[in-house]
Amino acid sequence: MIGSAVLLLLIVVAVAAPWIVPYRFDEMSILNRLKPPSLRNWLGTDEFGRDVFSRTLIGARLSLLMGFAATAVSLAIGVPLGLWAGYRRGRVDEIVMRSTDVLLSFPPIMLGLLLLAVTPPSLWKMIVAVGIVYVPSTVRLTRSVTLDLAGEEFVQAARARGERTSYILHAEILPNAWPPIMVEASLRVTFAILLGAALSFIGLGAQPPSSDWGLMIAEARPLIDRAPWVAIAPGIAMGITVIAVNLLGDGLREALDPRMHRKGG
Amino acid sequence: MTAPLLTLDNLTLAYQTGRGTLRALNSVSLGVGAGETLAVVGESGSGKSSIAFATMGLLGPEAAISGSIRFDGTELVGLDEASRRDLRGRSIGMVFQDPFTSLNPSLRVGEQVAEPLVYHQGLTRPAALERAIAALGEVGLPSPRELASAYPHQLSGGMQQRVLIASAIVCDPRILILDEPTTALDVTVEAQILDLLDHLRRSRGLGMLFITHNLGVVNRIADRVCVLYAGQVVEIGAKEAVLGRSSHPYTKGLLASLPQLSAQGRSQRIAPIPGRFPDLVDPPPGCIFAPRCPFAEEKCAAPQALTVDDTGSGARCWKSGRLPGWPQADTAPRVAQPAGAGEEPLLRAEHLVKRYRRGRIGGGIAWTRKFGVLPWPEVRAEIVNAVDDISIDVRRGETLGLVGESGSGKSTLGRTVLRLIDPSAGRLLFEGVDVAAAPADDLQDLRKRAQIVFQNPDSSLNPRRKVGDAIARAVALQTNVPREGRRAHVEDLLDRVGLPRSYYDRYPHQLSGGEKQRVGIARALATGPDFIVCDEPVSALDVSVQATVLNLLDELRDDLKLSYLFISHDLSVVAYIADRIAVMYSGRICEIGDAKDVLSPPYHPYTQALLSAVPLATPGAEKSERIRLRGDRPPSEGERSGCVFHTRCPRALGDICATTMPPLQEPRPGHRIACHLPLDELMRAPSALPAAAE
Amino acid sequence: MAIYVIKRLLGIVAILAVMSVLVFAITQVMPGNVANILAGQFADDATIKAIEHKLGLDAPAYVQYWRWAGGVLSGNLGNSIIMERPVGPLIWEAFKSSALLAILAFIMVAVFGILLGVIAAIRQNRFADHAVSLFSYVGVSVPEFFWAIVAIIVFARYLNWLPSGGAGNISQGFWVWASHLVLPVLTLTLTLIAHVSRLTRSSMIETLRSNYVRNARAKGLPEKVIIRRHALRNALLPTITVLAIDVGWLLGNIVVVEAVFSYPGIGRLLLFAIERHDLPLIQAGILLIAAVYCFANLIADLLYAYFNPKIRYGHAES
Amino acid sequence: MKKRIIGALGAAAVSLAALMAPAMADGNLRVAIPANLNTLDAAKTKLGEEYIMNFLVFSGLTEVDGKGGVKPDLAESWAKSDDQKTWTFKLRPGVKFHDGRLLEAEDVKATIQRIQDKATGSTARVNFDIVESIETPDKQTVVFKLKIPYSGFAELFGDRQVRILPRDKFDTVATSPVGTGPFIFKSFTPGDRVELVKNPDYFVAGEPKLDAITLRIMPESAAQIAALETGDIDLVWNLPLESIDQMKKNPDVVVDSTSTSTWDGLIMNAAQKPFDDKRVRKAILMTLDKPALVEVALYGQGTPTHTMIPPSHPYFNKDLPISTPDIEGAKKLLAEAGYPNGFEATLYVPVGRPTRERLGIAAKELLAPIGIKVDLQRVPWDKFVKEIEGKAAFYTDGFFSRPTIDTSIYPFFHSTGSWNTQLWNYKNPEIDKVLDDARAAKTEEERAALYNKFQALAEDDPAGAIPYVLNHVNAYRKNVKGFSSSPMMWLDLRETTIQ
């Protein structure tokens, strides 16, 4: 599980970043700007003389927060809706499904753009917006898993002994619906990181002097000739992060694959 | 006996697992001659399918094979892939268990049958297709030319299995390997396929290696039998010898575990094989069956050799030939249930109906309004009558057996009477109270007093819950056992179903199929019910396990005064356990009555066919006259005006059967038959049970 | 099937209608409005009021919406408020350019994605599989704007092979025209191909393990035939659905890619409109993109039905 | 008539030359501009990119050179009354719109009246608030009566939005503009390009020399530079400042920089605490290192200044030194103002205006030593216009060069100035008087002295901090001749050729 090892390392670095970085992420030094990587500044400095290494590490924090928090938002809204729609069927299901149809007809970035255009951008609003973008797909997945599980005999057994719907949903269905939802969620973390970066890149996400990776790349864009390291460092950092989360997702998928599970059990 | 075409000699098959080497097959030796059928019989885990895959060369690279497989003088073990491929399909054909998934869904049937001809015999596609159409005709498919251009999903299961057989024999192989070819099929269809295979063997002189778990099927099809247990051949020999005068304790046990399809079979309990299947990574050192063998003694601690005499018979047991019969079940003899005809039934369904809607191509459009505004075309739906005007009673303390083939609606009926499915119409009286339309909140009494045991042990327990918790939840919900007493109460229930108390803290995946089914029973008992729907509770289990579960259910009923609605596709099982039997076909009950009345004439023609189709394991039974049904599908929804069985009925009278609902005839009180045939005509039918079993 | 298509078309109309209300509502709560932008810096309130009145922005929201919707129903998409020109041709021009980009990228993604996926599945756990995996991981893990910048630097700036942005005109010759498409199409392809190739791989592996492939092996067919005739056809069915989803991603990524490559497409037009709150332009752009996406899904479902005999010759299940 | 013949001959000569020299046959100048055009309606233009169009397709009555001079354009000559309240313009005869119609005085009147209409939303409107009436005694004469004496009135007609449009084509000018300028509008593909072709009937004989112009919209600076280096385009307008050093190294490219009076500033709203205290404003001004800010915000492409009067301008006060950082002095002033430990302030910067963003980020750092903790907020442009300008206490802003020194200063600094209340609410009676006097001043010397005094006053009681004026830089390939960057940041391509 290289993925989880790298990701764990990233999370540790991200959490500890404020204490381990050599410079503050917004510490400027005008005389020292656009310096190539050196012993003093491992990844060089940007146009305000800020240390790219420090900024990249702090950026890891933002990116991971973005990815996980937005995914959490999408799960928090999408999973209950999906459970409800999938178990209740009928009219509830119809309304929920048609609403997701509408939201799914927006390409993700468009929906993000529209949602963010409403309010002035900030990290938290971006997290919520990106989270909302991924609600419909979470609803759909949860619903389809719930539909399958609702037909399982242990759910019928719970109904036969007179359990309430809420109990059946949270105690019988949800624990069994988690594995596929988690696998999907791990992929969604990467989508959220990338979508967040794209929104920041366009200027609707994180705001300066934040060291969000998307924003760092956007800001470094005009300088790519003079100081390529300013753009490359966050680009590579983002690549590593997303690959790590992807690997973790693949690992999860293999570990939680129902077929593998049945063979093993 | 001719010289064998296919010979397995000391074939051993091993896999490396995390815990050590798993020996799926251990020194298996057998031979199949031309025109001969060798049946390999065994329970799940015996390694019987591995024999087929090893012979075909379809095992993955992770399987380590040693020993020898010889076909017509050619050694197959270690043969290069190209040569093996050349043999497959051309000289050795194979038919798999599951026809529904073994045909490519996106290729036309004709192409799939013709394919091997193109690659093995270099035929052009049109020529190959002609040969394929001939083969489809040979396996008994009607209008093969039209059928060749159909896609697999358009065919029924029986037809699909015929297609698979056609594609296996189209290149005129000399050996046909069949891996449980009828297991997925209904018993009436199974009978047709077995007839076909027998015919092919005779007409083509095919050697068949027939793999199955079903001793009845073995009796019907095999010349010789090879009994496999835990990767070893424990007994081999002519069918009459192995089934009639079995010399290995395991074979004896298997035969004793079978419920007898006879009126008398009911009077004594079946005697199961005790214990659990051995761990193949760490098998017992001596005789592999010794831990479960009632005859075991010290000498059995040594490995046993298979001694084959010159007739080709033998058993892997030093005591073979000197063994007594399998011991009788030591539990109490079965008590005949009081008839109780007069009193009010516990559960009564009156004209119960459950309909589903299903879209139908060509049904036309009905314009409706979606959300009240948007014009919306809906396909006119076809109504599926899963439960079609059924009235039944379940009396206190009795077991009502409900038998029917797949799709007959028996499970829907079982769930509808529990209100797990809401009925579309009709009344449902539980102790005289109509619960058919009661709101879900008012069903608590029904929920406490009526429970269900499911078919599938894998799906009936929540994989993420401890066994004990699942049972305790029902105790908490429906009884007033105080919180601190619940664990003890659950442990009592575990005792009741014959599970160790330590199983309270286990998870379902740590249990075997039979154990899971016991947990399912304990869970149903936890609310203290009077009535339990047993929905195919033993269908997924091996014969020996099935027997123990049946015994358990039977004992519980007697001890706890329970009533069962016992649903099964297996007439032998129903005949064994039920006091009364209802025969269901396509949503309707065609015959209902006391078990012994239903099992003897007069029969409904469907009951008669069903009875005659059941393969029995008693040698000689296979030779009796059998009734064969046409086709395998009930009439479609538009044609349901008359008797639903008329499309397949061998005794149909003509138009009247198709247009008029059959009358209910009552030859004896409580025994009702829905048929147009006059009663005396029905009376004239011979007993469908073979004489040997009477 | 015709009923199904009618149903889906009506569904799309309903979705677009709901969407237009949603977009309208969102633009209503956006801070700042188009009048502020038209008036420019330091406009006094009187000026803004005068402009709002001229544009009818002082009417109640439902009246404004109805004016717009009435126009659309009578075939008039309205005028761009900022650019003072009809939205129809404006959007159509941009859409044509984007469609060219999207179609090319889509073909690349479909062809190479499927090819790579199949190769990886056949060579499962061998070098080719790992190479494809690595390639797709890298492609999917770095955002498209980063690849776009890298591509400009490498191919336009240093190697000088390709133009760095903009759209070529076919009148300038084929190569000029085509050369402008290479980098944007490559960038779009790179970020989407992984999705298709990974799904094709897993669906192919699943198919290769299926009973009917086992049956085909038992018939002694050559491995090539098994892959081509038996496995591929069935494995590609789920890929059709994925490709439809990818159309959505493509339409999203195209916004960013067009921005970086200065490509005059619908994505950039829409960004332009959103920044300036030019409602008729936003509405038309979003609805067009959504309609394309809905139709892509419809076509995918129809193709799926067409290639899946179970649906084509089936007893329809509701 | 004579002129026309010469013009025709000249045009013939040019086209003949074009025919004879295949290398020049494609006299199409390809120009990269960074942003899409919102509108082609000159009166409504607000972007530098749009202004380029205004001068290529249209003409004004007069032409300003950005250094204080004014020349005839459509107006052959003009005269003012002694009280500087009545201005009479004589139109150049025989000028044709691109549709062939002759320019008439009525067109001028209608154009100005349209600008005056609030619903048009022209930013030039405020300049014409002083106009009392417009009269057209004949087809070649326009007479403006003003409410107040105004010496710089003629220069107003050189302004960007004040282009003369045909009065019968107001409805279509936004999409298919018709003007009297050197180039005829051919097509506009939004987001992609604008195509212009030579106006053969341009009223200056022999001009323009190019056959056509293509304006390519290329937002990505990396793309612009790559295109220029590969010869995909010929000229990059307003080259991104950070790329200038790079471009200078390329032997095929000429980097042409000119000083302008376009400025950025830290705006401090005198109507809000703590900036209502002039000592606070002064302290902030004293803290800023102007040359450093030029370096940080402009990559050196600008000049430190006192106010928006650029050092290159004759009115620049050379006796007044550019302030140097004085942290101690600033701290003392702050303490006097009651902020011995500084204070916290939110500084708003507009998104998409990189120099102002960088100015804000640098200010955050530079103000820290005197105890001012700056919280930087980046605001989208539309919201910035609506909610920040004139309303927030502290933000960065900036303004393009304006046609006259009066229009550059008066609206900002005079207490009745139209933009003052929407920027910083600055009130200084002395400055009011100086600016009023300068408007009525009759000689250059008088005016120069007054503006020198203005600069000294503004340095003492700063409205905000104006650290620099920007350079305007264009880069073009060596084969482009006859081009020079304009301090007004538009493109004058009448003399330009490609070789």
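Helices (H or I, at least four residues) and strands (E, at least two) are taken here as DSSP runs, numbered from the N terminus. The model is predicted, so local features need pLDDT of at least 70 and side-chain atom pairs count only at pLDDT 80 or more, while totals for chains, interfaces and linings use all residues. Residues are numbered from 1 along each chain as its sequence is written, and chains are lettered from A in the order in which they are written.

A good place to start is helix 2 of chain A, which covers residues 52-88. Its 37 residues reach 52 Å from first C-alpha to last, close to the 54 Å expected at 1.5 Å a residue (1.5 Å times one less than the number of residues). At Gly78(A), shortly before the proline Pro80(A), helix 2 has a kink of about 30 degrees, the bend being the angle between axes fitted to the seven residues ending there and the seven starting there. Because 28 of its 37 residues are buried, helix 2 is largely enclosed by the rest of the structure (buried: 20 or more other C-beta atoms within 10 Å of a residue's own, with C-beta atoms placed from the backbone). Arg89(A), with a positive phi near 55 degrees, follows the helix.

Turning to the chain pairs, chains C and D have the most contacts among the 5 pairs that touch (contact: C-beta atoms, placed from the backbone, within 7 Å). Here 33 residues of chain D meet 42 residues of chain C. On the chain D side, strand 10 (212-217), helix 6 (221-230) and helix 12 (381-388) each give two or more residues, and helix 6 gives the most, with 5. Chains B and D, by contrast, do not touch, and their nearest C-alpha atoms are 37 Å apart.

Note on methods
Buried ≥ 20, exposed ≤ 12 C-beta atoms within 10 Å, placed from the backbone. Contact = placed C-beta atoms within 7 Å.
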